[in-house]
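Trainee: Could you take a close look with me at the lining of the largest pocket? Which elements each supply at least two residues to that lining?

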Amino acid sequence: FGFLMRLDFALSQANFSILSHPPVTSAQEEAYMDVLLADGRIAEFVMDLRDEGIMTYLEASEVIPPRAILAFQLEQIASSFLPETGAALSVPISEFLVQGGQLTITATPEQPVSLESLMAAIFLPDFAIQQLNIAIEHQP
């Protein structure tokens with residue numbers, strides 16, 4: 001069993017890909033930070049999460065509550081904190097928690113978004129989600 005996460009960033013002038021398993025090397029991390037600090041605008045972001053049995057293991061070990069309860073709690077929290085986008089975004093995440101498979105999160109803003117504006121958007125999460133054009137898709 002395990003869990004796999006892949007991140008792909010397309011900055012205004014460079015692309016960068018991270019695989020978290022196997023671990024990212026310090027050279028990859030350093031190259032990413034150099035590009036991020038130099039450019040600082042996100043043009044595209046893709047994150048793939050694949051459950052390779054870790055959720056079943058954690059649930060069986062009682063480390064997490066039953067996945068259906070966890071999914072319900074997520075939907076409630078998302079709707080509370082993200083009144084405009086939470087319900088739609090929480091559905092595929094809930095499906096992923098219950099069914100496993102793969103979850104793909106993408107951000108494709110119309111214009112590259114600066115990291116500074118993203119930091120300010122922490123206080124307006126619905127606005128940030130809309131500005132980044134975030135979509136979440138579940139594949140069983």
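Mentor: Three elements each give at least two residues to the lining of the largest pocket: β3 (41–51), β4 (101–107) and α6 (125–132). Helices (H or I, at least four residues) and strands (E, at least two) are DSSP runs here, numbered from the N terminus. A pocket is an open set of points on a 1 Å grid over the protein atoms alone where a 1.4 Å probe fits, with protein on both sides within 12 Å along at least five of seven lines; lining residues have an atom within 4 Å of a point. Bear in mind that this is a predicted model, where local features need pLDDT of at least 70 and side-chain atom pairs count only at pLDDT 80 or more, while totals for chains, interfaces and linings use all residues. Residues are numbered from 1 along each chain as its sequence is written, and side-chain values use heavy atoms, leaving out hydrogens and water.

Now for the pocket itself. The lining is made of Ile42, Phe45, Met47, Leu89, Ile105, Thr106, Ala107, Ile129, Leu132 and Ile134. By class, nine of these residues are nonpolar, one is polar and none is charged (nonpolar: Ala, Val, Leu, Ile, Met, Phe, Trp, Tyr, Cys and Pro; charged: Asp, Glu, Lys and Arg; polar: the others, Gly among them). The space in this largest pocket comes to about 160 Å³, a volume being what is filled by probe spheres set on the points, which are joined across faces, edges and corners.

It helps to set that lining within the fold. The protein chain has six helices and six strands, and from the N terminus on they follow the order β-β-α-β-α-α-α-β-β-α-α-β. Of the 140 residues in the chain, 37% are buried (buried is under 20% relative accessible area, exposed over 50%, partly exposed in between, with a 1.4 Å probe and protein chains only). Taking contacts (heavy atoms within 4.5 Å) between residues at least 6 apart in sequence, 72% join residues at least 24 apart.

From the lining, let's follow Leu89 into helix α4. Leu89 lines the pocket and is also among the buried residues of α4, together with Gly86, Ser90, Pro92, Ser94, Phe96 and Leu97. The 14 residues of α4 (residues 86–99) should span 20 Å at 1.5 Å a residue, and the end C-alpha atoms are indeed 20 Å apart; the expected span is 1.5 Å times one less than the number of residues. Just after α4, Gly100 has a positive phi of about 75°.

Pro92, also in α4, counts as buried because its relative accessibility is 9%. Leaving aside neighbours within four places in sequence, Pro92 contacts Leu103, Ile136, Glu137 and His138. The C-alpha atoms of Pro92 and Ala135 are separated by 9.7 Å, though these residues lie 43 apart along the chain.

Next, go to the loop between α3 (67–81) and α4, where Thr85 sits. Thr85 is buried, since its relative accessible area is 11%. Apart from neighbours within four places in sequence, Thr85 contacts Asp126, Ile129 and Gln130, and Ile129 is one of the pocket-lining residues. Phe127 also belongs to α6, but Phe127 is partly exposed, at 47% relative accessible area. From C-alpha to C-alpha, Phe127 is 9.4 Å from Leu82, with their positions 45 residues apart in sequence.

Past α6, in the loop that leads to β6 (134–139), comes Asn133. Asn133 has a positive phi of about 55° without being a glycine, and is partly exposed at 44% relative accessibility. Its neighbour in number, Ile134, is in the pocket lining. Glu62, likewise not a glycine, has a positive phi of about 60°; Glu62 lies in the loop between α2 (54–60) and α3 and is exposed, at 71% relative accessible area.

Finally, look at Leu70 in α3, which is partly exposed at 22% relative accessible area. Not counting residues up to four places away in sequence, Leu70 touches Met55, Ile64, Pro65 and Leu97, and Leu97 is one of the buried residues of α4. Leu70 and Val98, 28 residues apart in sequence, are 8.5 Å apart from C-alpha to C-alpha.
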